[in-house]
Amino acid sequence: MIELQQVNKFFGDTPAVLDFSLVVEEGELCCLIGPSGCGKTTTLKMINRMIETTSGSIRVGGRGITELKPHELRRSMGYVIQSIGLFPHMTVMENICVVPRLFKWERGRAKSRAMELLELFDMPPDRFKDKYPRELSGGQAQRIGVARALAGDPDILLMDEPFGALDPISRANLQRQFLRIQSELHKTVVFVTHDVDEAVRLASRIGLMQDGRIVQADSPERMLSLPRNDFVERFIGSERSLKRLSRLRVQDAMRAASGSDSSFRGVEGSDVPASDCFSASGNPNAISSPHGKSGEEDPGPVLDSGSDLRLALALLLQHGRQRLPVRDENGRIQGELRLLDLLGV
Ligand SMILES: Nc1ncnc2c1ncn2[C@@H]1O[C@H](COP(=O)(O)OP(=O)(O)O)[C@@H](O)[C@H]1O
Ligand SMILES: [Mg+2]
């Protein structure tokens, strides 16, 4: 747990962070967002004492950070920045092992930790461990940067616009992968970004800053549905409702196949894999809707119950459908999602 209490930071007479209070719970992924210059990086660097506070208190795991020795403090925190600065003359393996070596881990242990991390990031060790940074793509290098920060198994991860330099596709891939890894590792993460979409996708809580102050700290859902003032609303942008959809899953809005709904008779109680349903009719609409036009050319996609509703909406619109069937992770038809259902969420 990280607790910041009435923290202030002045550079000379210039205020950078003002009356900043925030608690980041154990295992929480808290995104700090806000316009450039609002104090995000300064706040992050005060947590690991790369920058000293002017006043106020910061506690980590219940202890004031000034009570801890700097090396003890840094040991409990991994730090990731945008241009990750992998050592160019070291291989991937050597780069990841930097921190374990500082900790004087025994060689075998450091190596197996590095292998484990490469696996975790879907980078087969045999292919990647002996490569040099110049042989990696931007996305791969950034993965190694995050892996290196995790190498010493810190409880806390401080990340400053870590995916900021990547193209949108690599960025989305890394976000997805990072979410999966976080759901396994449950680190306490403070993640700085100026990208609202990134924050909405990743955060369990968002702290929005303006001129050194926290304006609103809330779950993404609450921030999107109840922006505290005009600044929050403007910062979040005009697509609030679409952004909210990206937080929700198809399974949250779909109608299950069982139940008394007559329009659902086609699939009701059926235990037939999705693919069989389609081969029978050639048209997924036919299985979920007696009103569906039969003989359509485009069979349309089947939605995965775990995908987000923003994607589902895009597919409904793209295929001009009022409804699409939903399958579970085993590929079985579970129900359907109607365009109308999205109006109510
Ligand atoms: N070392 C420094 N010396 C003087 N002013 C600084 C220093 N670092 C940051 N600042 C100022 O503090 C404010 C916050 O900066 P920063 O935390 O880097 O913002 P952000 O990360 O949100 O873009 C800015 O006005 C910036 O110019
Ligand atoms: Mg910054």
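This is a short dialogue on reading a predicted model.

User: What should I know before I start?

Analyst: The model is predicted, so local features need pLDDT of at least 70 and side-chain atom pairs count only at pLDDT 80 or more, while totals for chains, interfaces and linings use all residues. Residues are numbered from 1 along each chain as its sequence is written, and chains are lettered from A and ligands numbered from 1 in the order in which they are written.

User: How many helices and strands are there in the protein chain?

Analyst: Helices (H or I, at least four residues) and strands (E, at least two) are DSSP runs, numbered from the N terminus. The protein chain has 16 helices and 14 strands.

User: What share of the residues is buried?

Analyst: A residue is buried if 20 or more other C-beta atoms lie within 10 Å of its own, exposed if 12 or fewer, and partly exposed in between; the C-beta atoms are placed from the backbone. Of the 345 residues in the protein chain, 35% are buried. Val23, in strand S2, has 14 C-beta neighbours inside 10 Å and therefore counts as partly exposed.

User: Which residues is Val23 in contact with, leaving aside its neighbours within four places in sequence?

Analyst: Two residues are in contact if their C-beta atoms, placed from the backbone, lie within 7 Å. On that basis, and with those neighbours left aside, Val23 is in contact with Met1 and Glu3. Val23 and Met1 are 22 residues apart along the chain, and their C-alpha atoms are separated by 7.2 Å.

User: How do I read a helix such as H7?

Analyst: Start with its length: the expected span is 1.5 Å times one less than the number of residues. For the 13 residues of H7 (residues 138–150) this gives 18 Å, and the end C-alpha atoms are 19 Å apart, which agrees. Then look at burial: 10 of the 13 residues are buried, so H7 is largely enclosed by the rest of the structure. Among the elements that cover those buried residues are helix H5 (107–120), strand S7 (156–160) and helix H8 (168–185).

User: Where does the largest share of the largest nonpolar core come from?

Analyst: A nonpolar core is a set of buried Ala, Val, Leu, Ile, Met, Phe, Trp, Tyr and Cys residues joined through C-beta atoms within 7 Å. The largest one has 61 residues, and those with the most contacts inside it include Cys31 and Phe191. Its largest share, 6 residues, comes from H7. A second, separate core of 10 residues includes Val250 and Leu324.

User: How do I read a sheet?

Analyst: Strands of a sheet pair through backbone hydrogen bonds, either parallel or antiparallel. Two strands count as paired if DSSP finds at least two bridges between them. One open sheet of 4 strands has the order S2-S1-S4-S5, with antiparallel pairing. Its edge strands, S2 and strand S5 (63–64), each pair on one side only. Strand S1 (residues 2–11) is joined to strand S4 (residues 55–60) by 5 bridges, and Leu4 stands opposite Ile58 in S4.

User: Which residues surround ligand 1?

Analyst: A residue is near a molecule if its C-beta atom, placed from the backbone, lies within 6 Å of it. The residues around ligand 1 include Phe11, Thr14, Gly39, Lys40 and Thr41. Helix H1 gives the largest share of this shell, 3 residues.
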